[in-house]
Amino acid sequence: MDDELAISVRGLRKAYGDNVAVAGVDLDVHRGEVFALLGPNGAGKTTTVEILEGYRRRDAGEVSVLGSDPARPAADWRSRVGIVLQGTGEFDELTVAEVLRHFSGFYAAADDPDKVIERVGLAGKAKARTHTLSGGQKRRLDVALGIIGRPELLFLDEPTTGFDPEARREFWELIRDLAAAGTTIVLTTHYLDEAEALADRVGVISAGRLVEVAAPHRLGNRQEALATVSWRTPEGVVRTAESATPTALVAELAARFGGEVPGLTVARPTLEDVYLRMIGHA
Amino acid sequence: MTTTTKPATTSTGAAARRLGPVALGLRQGRLEITQFLRSRESVVFTMGFPVIMILIFASIFTDEIAPGVRYTQYFITGMIAAGLMTVSFQNLGIWIPIERDRGVLKRYRGTPMPKWVYFAGKVLMVVAIGVAETALLLAVSVALFDLDLPATTARWLTFGWVSVLGVTACTLCGIAISSLARTARSGSAVVTPVALVLQFISGVFFVFTELPGWMQQVAALFPLKWMCQGLRSVFLPEGFGGQEPAGSFELGRVALVLTAWCVIGLVLCLTTFRWTTKRDG
């Protein structure tokens, strides 16, 4: 197994009865990388991630996570992996600080609970019972519990669902911060801008298959795609043209109009356009 | 959020901080007890119910069951046994499905915490609450109804081992039955009827020997009847044993049946316990 790989998956399959959730996925995640798994609900994202986290058994395929098979999770391996699940259990009657302090006791190399609370932006809520937290604050507690053990590899399953825009930006900063310190991060998300903002590489999963893996700006040959240039003619009609050389076209238009081109736009396919095409909804 | 950086991997020099098994178990026990005490419903229901029941029973049955033996002296044994079953069997059978449904168990499974620590925490909680609740029950009965406490060391010892074996069996069965509930809500639907029926047929609310023979036979298959019987040997006069179905308190058989239920419960726990809900696969 390649030492540079945090995760290596070959031919992963998982079915629930007749329903095939994961139909042969191959995937490598490098150490220190931020990898985003994008896909619609029911595409197999969570199943894939939960197999990697050691929660679910696979039907077939080879999986190595930090050099071990997650189907037999040892305590040492668990202490190197941080997990932020979708909406997991709250300890209603305990305070944020109590929960963090308790979980820090499970890890040999645990971080300082107060520092982690500060880091996820819950310092003002350290003494609050967890049932009094808002949805976004509960999610921050989830993240705090995910990183309290100072993991080498952090899984985040739809971490910012329910965040307001400002909280998402703050969360992104935290992820960049963790990544800068060398933590390998695997996140699933519905939000394309989140994948684009955070991920070194994006994997698009659809109907249990990994359709493509690429850097966000290269996904679906986005970079090489034709640009769409549109402008308004003097008669007020909107014209559009697809061009491999949009700069030349704009220069030509500028010459034709003798300066400003009315209603000029130049657009490349957005990540969303590419993504929707890939999962077959465009 | 602050933007301090930290090393992602620090496996060196930190091993010394890993907690030992005793510390892990005790911390978990403290956490469970804290959660229990802060949840007002469970305190009132679990601690208060047996006390309310003995108040009612002692007020209804004011005469004597045998010359010199008041009904209170008889029913206290049933209330202690039922109380112990409530803190162990019902408490766990209701709470574990809620924790499973909320994903608390899944969260624990994602940490390096050894699985047994979770159960150790529950056992410590059950023991602490069981002792407190029994003490409260005895104090109330002594103060209000002139209950005679066990007079000899031997009787206190019997009180001890019957309670420990009974609570162990009920705890294990409570953990085992928690896997039957599919959702948080169904926990109490599964557990409450079982507990209630057992209380009615095991001599908690009625004098056991006055129950129909077949009912006594059915009750004898389950632990509660034997807990009550063992406790009667502690609180009732020696001679009262002659009125038991077998003509004595049968302490040997009490130990045997309760131990058997400990084994059955343990096997069920080890083979059927689920850390995730069915929909979690």
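I began with the meaning of contact: two residues are in contact if their C-beta atoms, placed from the backbone, lie within 7 Å.

**Entry 1: ground rules**

I noted that this is a predicted model, where local features need pLDDT of at least 70, side-chain atom pairs count only at pLDDT 80 or more, and totals for chains, interfaces and linings use all residues. Residues are numbered from 1 along each chain as its sequence is written, while chains are lettered from A and ligands numbered from 1 in the order in which they are written.

**Entry 2: the domains of chain A**

I looked up how chain A is divided and found domain 1 (5–220) and domain 2 (225–278); such bounds come from an automatic or database domain assignment. Taken over C-alpha atoms, the centres of domain 1 and domain 2 of chain A are 40 Å apart.

How many residues of domain 1 of chain A are in contact with domain 2 of chain A? I found ten residues of domain 1 in contact with six residues of domain 2. On the domain 1 side, the elements giving two or more residues are helix H7 (192–198), strand E8 (201–206) and strand E9 (209–214) of chain A. Helices (H or I, at least four residues) and strands (E, at least two) are DSSP runs, numbered from the N terminus.

I sorted the residues on that side of domain 1 and got six nonpolar, two polar and two charged. Here Ala, Val, Leu, Ile, Met, Phe, Trp, Tyr, Cys and Pro count as nonpolar, Asp, Glu, Lys and Arg as charged, and the others, Gly among them, as polar.

**Entry 3: a sheet with E1 in the middle of the order**

I traced an open sheet of three strands in chain A, ordered E2-E1-E4 with antiparallel pairing; two strands pair if DSSP finds at least two bridges between them. Strand E2 (19–30) and strand E4 (60–65) of chain A are the edge strands, each pairing on one side only. From one strand to the next, the twist averages 15°.

I then followed strand E1 (residues 5–16) of chain A, which pairs with E4(A) over five bridges in the antiparallel sense. Opposite A:Ser8 I found A:Ser64 in E4(A). Helix H1 (residues 45–52) of chain A packs on this sheet and touches E1, E2 and E4 of chain A. The direction of H1 makes about 125° with that of E1(A); axes are lines fitted to C-alpha atoms, for helices over the stretch in contact, and angles run from 0 to 180 degrees between N-to-C directions.

**Entry 4: another sheet in chain A**

I turned to the open sheet of three strands in the order E11-E10-E12 (chain A), again with antiparallel pairing. Why do strand E11 (238–243) and strand E12 (265–267) of chain A each have a side without a neighbour in the sheet? Both stand at the edges with a single partner strand each, so one side of each is left free of a neighbour there. The twist here averages 20° from one strand to the next.

Strand E10 (residues 227–232) of chain A and E12(A) are joined by three bridges in the antiparallel sense. I picked out A:Ser230, whose bridge partner in E12(A) is A:Thr265. Helix H8 (residues 246–257) of chain A lies across E10, E11 and E12 of chain A, at about 15° to E10(A).

**Entry 5: each chain as a whole**

For chain A, I noted nine helices and twelve strands. The C-alpha trace of chain A spans about 70 × 45 × 35 Å along its principal axes.

For chain B, I noted ten helices and two strands, in the pattern α-α-β-β-α-α-α-α-α-α-α-α along the sequence. The C-alpha trace of chain B spans about 80 × 35 × 35 Å along its principal axes.
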